[in-house]
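Q: I would like a close look at a single part of this structure. Please keep the answer plain and connected.

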Amino acid sequence: MGERARAAAGCLTAAAGAGAGLGFWSVGVRGRFRRFEQGPDWSVLFAELPLAVLGGVAASLVVWAVLRSLRP
């Protein structure tokens, strides 16, 4: 595999991880965002969303690096 293909695979892996993190975050977000008889909880957007996306990117890149190191 060429250097450009490896770079493209890493970028696609990061994008897939961001999508997976966003999908994981979106499960039940409506219930977390507006609690019963309370105002909106903005930490869901300002803290949880970026952490979920960055966590998905980090996890996918770690898996990609491990799989790449196992290959001779």
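What covers the buried residues of H1?

A: This is a predicted model, and the cover over the buried residues of H1 includes helix H2 (29-33) and H3.

Helix H1 itself spans residues 3-26, which is 24 residues. From its first C-alpha to its last it reaches 35 Å, close to the 34 Å expected at 1.5 Å a residue. Just after H1, Gly28 takes a positive phi of about 75 degrees.

The buried residues in H1 are Gly10, Thr13, Ala14, Gly17, Gly21 and Trp25. An α-helix has 3.6 residues a turn, so residues three or four places apart point the same way.

Gly10 of helix H1 has a relative accessible area of 11%. Gly10 counts as buried because that value is under the 20% cut-off. Leaving out residues up to four places away in sequence, Gly10 touches Leu61 and Trp64. Val53 is 43 residues from Gly10 in sequence, and their C-alpha atoms are 16 Å apart in space.

Three other buried residues of H1, namely Thr13, Ala14 and Gly17, are in contact with Ser60. These are the contacts of Ser60 once its neighbours within four places in sequence are set aside. Ser60 is found in helix H3, which covers residues 43-70. Its relative accessibility is 14%, so Ser60 is buried as well.

The setting of H1 is a protein chain with three helices and zero strands. From the N terminus on, its elements run α-α-α. Among contacts between residues at least 6 apart in sequence, 60% join residues at least 24 apart.

The overall dimensions can be put beside this. The radius of gyration of the protein chain is 17 Å, whereas a compact globule of 72 residues would have one near 11 Å. Taken along the principal axes, the C-alpha atoms fill a box of roughly 60 × 20 × 15 Å.

Buried residues make up 14% of the 72 residues in the protein chain, and the H1 residues listed above, including Gly10 and Trp25, are buried. The protein chain exposes about 5,500 Å², and carbon and sulfur atoms supply 70% of that area. As for charge, there are 8 positive and 4 negative side chains in the protein chain, and the centres of the two sets lie 13 Å apart.

Methods. Residues numbered from 1 in each chain as written. Predicted model: local features only at pLDDT ≥ 70, side-chain atom pairs only at ≥ 80, totals over all residues. Heavy atoms only, no water. Helix = DSSP H or I, 4+ residues; strand = E, 2+ residues; numbered from the N terminus. Buried < 20%, exposed > 50% of the residue type's maximum accessible area, 1.4 Å probe, protein only. Contact = heavy atoms within 4.5 Å. Rg over C-alpha atoms; globule rule 2.2 N^0.38 Å. Areas by Shrake-Rupley, 256 points an atom, 1.4 Å probe, with all protein chains shown as cover. Lys, Arg positive; Asp, Glu negative; His and termini not counted. Charge placed at Lys NZ, Arg CZ, Asp CG, Glu CD. Expected span 1.5 Å × (residues − 1).
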